[in-house]
Amino acid sequence: MKYVPLHVHSEYSLLDGLSQTKHIASRLEEIEADACALTDHGTVSGAVDFHKTVGSSFKPILGCELYLCDQESSVKDPSTRKLKHQVVLAKNIEGWKNLLSIVSKSNRAENFYHKPRLDLGQLEQNVGDDLVSFSGHLGSRLASAVVDNPNWKKDGEKEAQYLQNIFGKGNFFIEIQLIDSLQNTLAKEVAEKLREISQTTGIPCVATPDAHYCRREDAHDQRVLLCTALRKSISQVQREIKEGKFTSMKSFFESNS
């Protein structure tokens, strides 16, 4: 079975993803992949471009990395800005229509607050059997349930089962990411815990890259892009890393994986 990148960001993940769709297509040819998913942050704006560029040679899988809030999305104050991530892919044309509806609702004025978002109740109400979901990276609900938690196994299993109930058995997978594990020891710790949860719950794992650029030599350019979003220079970020003040996105500036 050939490797299929299932968690990929393009330039449509604004100020975060570097890759243009033509670069993704070129890279897919290099690694001899047959298919690829597009999972931009909170948007499906790149879907048409991606389908036109990639679809002639590879199978395009259309998806989105959704933003989820723990409280009702209608509550808008600084305490509600912290969001969790959830990757969703369309299985078929009906799934694509469903995904369009979900993303549209997340962008409505009553839900949008700095970013397009939905609360869990809204997600449950709108998910059908035509969507596939992965648990997400370190910023996901499942990863958050096992980090710095002495009861991580019990809470992690409960969260995994809850997410599987939302999407349906066979439509939900526990996402394992080791792309930055050499620089980010937390990634390896979470991966090991999630594998154990997968074994005890019977929910299968899927390995993803969370790719924001196509090649190692692109890493510096992506850091420049991130600095634009952070409104900081690279030297400022590097200084803050040395001083221990910059930790949330540290691995992006230390890894070229």
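**Exercise 1. Classify D34, then find its salt-bridge partner and say where the two residues sit.**

Step 1. Start with exposure: D34 has a relative accessible area of 45%, so it falls between the 20% and 50% limits and is partly exposed. Keep in mind that this is a predicted model.

Step 2. Now look for a partner. D34 pairs with K2 in a salt bridge, and their closest N and O atoms are 3.6 Å apart. The two residues come from distant parts of the chain: K2 belongs to the segment before α1, while D34 is in the loop between α1 (21-31) and β1 (35-38), 32 residues apart.

Step 3. Check the partner's exposure too. K2 has a relative accessible area of 46%, which makes K2 partly exposed.

**Exercise 2. Work out whether D70 and K84 are buried or partly exposed, and describe the contact between them.**

Step 1. Take the contact first. A salt bridge joins D70 to K84, with 3.1 Å between the closest N and O atoms. D70 lies in the loop between β2 (59-69) and β3 (84-90), and K84 is in strand β3; this pair also links distant parts of the chain, 14 residues apart.

Step 2. Compare each value with the limits. D70, at 47% relative accessibility, is partly exposed. K84 has a relative accessible area of 14%, and under 20% means buried.

**Exercise 3. Explain how E94 and K97 are placed in their helix, and then name the residues that form a salt-bridge network.**

Step 1. The side chains of E94 and K97 form a salt bridge at 3.6 Å, N to O.

Step 2. Both residues are in helix α3 (residues 93-106); because they are 3 residues apart, about one helical turn separates them.

Step 3. E94 is partly exposed at 43% relative accessible area, and K97 is partly exposed at 48%.

Step 4. Turning to the network, D70, K84, R141 and E159 are joined into one by salt bridges that share partners. The count of salt bridges in the model is 10.

**Exercise 4. Locate L15 and D148, and state the sign of phi for each.**

Step 1. L15 has a positive phi, near 60°, and is a residue other than glycine. L15 sits in the segment before α1 and is partly exposed, with a relative accessible area of 40%.

Step 2. D148 is not a glycine either, yet its phi is positive at about 50°. Look for D148 in the loop between α5 (141-146) and α6 (152-167). With 75% relative accessibility, D148 is over the 50% limit and therefore exposed.

How values were computed: Residues numbered from 1 in each chain as written. Predicted model: local features only at pLDDT ≥ 70, side-chain atom pairs only at ≥ 80, totals over all residues. Heavy atoms only, no water. Salt bridge = Lys/Arg side-chain N within 4 Å of Asp/Glu carboxyl O. Helix = DSSP H or I, 4+ residues; strand = E, 2+ residues; numbered from the N terminus. Buried < 20%, exposed > 50% of the residue type's maximum accessible area, 1.4 Å probe, protein only.
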